[in-house]
Amino acid sequence: MKKHKCGWCLGDDLYEQYHDQEWGVPEKEDDALFEFLVLETFQAGLSWITVLKKRENFRKAFDNFEYQKIAKYEQPKIDALLQDAGIIRNKLKVNATVTNAKAFMKVQEEFGSFSKYIWDYVDHKPIKNKVINYKEAPANTPLSDTISKDLKKRGFKFVGSTVVYAFMQATGMVNDHEINCFRYNEV
């Protein structure tokens with residue numbers, strides 16, 4: 001018997017695999033949180049599947065998402081990234097990734113980890129929404145507005161409320177699986 005899944009992922013094996021194994025699973029490791037922050041930054045204005053299909057290229061281009069290395073990128077590396085056809089070559093987003101790596105480490109210094117900082121917003125447990133149809137899930141919320149403002153104040157770029165909410169969904173801070181999806185009660 002085929003399990004019911006959220007409607008947004010149906011019809012593409014990569015999308016379904018991401019949905020079944022990663023999306024909405026509470027992620028508390030700083031390395032993985034930074035990866036999602038980078039990917040969600042590049043997703044702004046595009047579809048998630050576009051970024052997902054280029055994920056491995058991003059991983060190679062951005063030194064396996066090692067923020068300590070990314071924070072030290074200088075202009076020659078940035079120029080090389082802007083020539084890399086395997087990623088999304090948006091100058092503002094590439095530069096934002098370097099800026100965000102630096103800001104990420106400042107948050108770690110202040111709070112002990114980025115995870116502690118970001119998960120404090122939800123008292124370290126996922127918000128479990130009751131989405132019937134994925135099309136009804138919000139694009140942003142008052143909480144994502146608050147987080148977005150604070151991230152911007154801390155120097156992060158490309159972290160508007162919609163990007164932040166997508167990050168919250170991806171990292172399991174909110175559970176927006178449809179209530180009849182087999183993953184709803186698993187994550």
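Which residues touch the most other members of the largest nonpolar core? In this predicted model, they are Phe34, Phe58, Phe62, Phe114, Ile118 and Phe156. The core holds 54 residues. Helix α2, which covers residues 30–43, gives the most to this core, with 7 residues.

Phe156 shows what such a position looks like in detail. Residues up to four places away in sequence are set aside here. Beyond them, Phe156 touches Leu37, Asn100, Ala103, Phe104, Val107, Phe114 and Leu151. Phe114, one of these partners, also stands in the list of residues that touch the most other core members.

The overall fold comes next. The chain contains 10 helices and 2 strands. From the N terminus, eight helices come before a strand, then two helices, then a closing strand. The chain has 187 residues, and a compact globule of that length would have a radius of gyration near 16 Å. The value for the chain is 16 Å, so the two agree. The C-alpha trace spans about 50 × 35 × 25 Å along its principal axes. Buried residues account for 48% of the chain.

Contacts across the sequence were also examined. Among those between residues at least 6 apart in sequence, 68% join residues at least 24 apart. The surface was considered as well. The chain exposes about 9,500 Å², and carbon and sulfur atoms supply 51% of this area. The chain carries 28 positive and 27 negative charges. The mean positions of these two sets lie 3 Å apart.

Helix α10 spans residues 161–170. Of its 10 residues, 9 are buried, so the helix is largely enclosed by the rest of the structure. The buried residues are Ser161, Val163, Val164, Tyr165, Ala166, Phe167, Met168, Gln169 and Ala170. They pack against four helices, namely α1 (13–21), α2, α8 (114–120) and α9 (142–153). They also pack against strand β2 (174–175). Helix α2 thus appears both as a packing partner of α10 and as the element that gives the most to the core. After α10 comes Gly172, which has a positive phi near 80 degrees.

Backbone angles draw attention to two further residues. Most residues other than glycine have a negative phi. Phe65 is not a glycine, yet its phi is positive, at about 60 degrees. Phe65 sits in the loop between α4 (55–61) and α5 (67–70). Its relative accessible area is 2%, so Phe65 is buried. Asp123 is not a glycine either, and its phi is also positive, at about 55 degrees. Asp123 lies in the loop between α8 and β1 (127–128). Asp123 is exposed, because its relative accessible area is 58%.

Lys5 belongs to the segment before α1. Is Lys5 buried or exposed? Its relative accessibility is 13%, so Lys5 counts as buried; the cut-off for buried is under 20%. Neighbours within four places in sequence are again left aside. Lys5 is then in contact with Leu10, Glu16, His19, Asp20, Glu178, Cys181 and Phe182. Lys5 and Phe114 are 109 residues apart in sequence. In space, their C-alpha atoms are 31 Å apart.

Key: Residues numbered from 1 in each chain as written. Predicted model: local features only at pLDDT ≥ 70, side-chain atom pairs only at ≥ 80, totals over all residues. Heavy atoms only, no water. Core = buried A, V, L, I, M, F, W, Y, C linked by side-chain atoms within 4.5 Å. Buried < 20%, exposed > 50% of the residue type's maximum accessible area, 1.4 Å probe, protein only. Contact = heavy atoms within 4.5 Å. Rg over C-alpha atoms; globule rule 2.2 N^0.38 Å. Areas by Shrake-Rupley, 256 points an atom, 1.4 Å probe, with all protein chains shown as cover. Lys, Arg positive; Asp, Glu negative; His and termini not counted. Charge placed at Lys NZ, Arg CZ, Asp CG, Glu CD.
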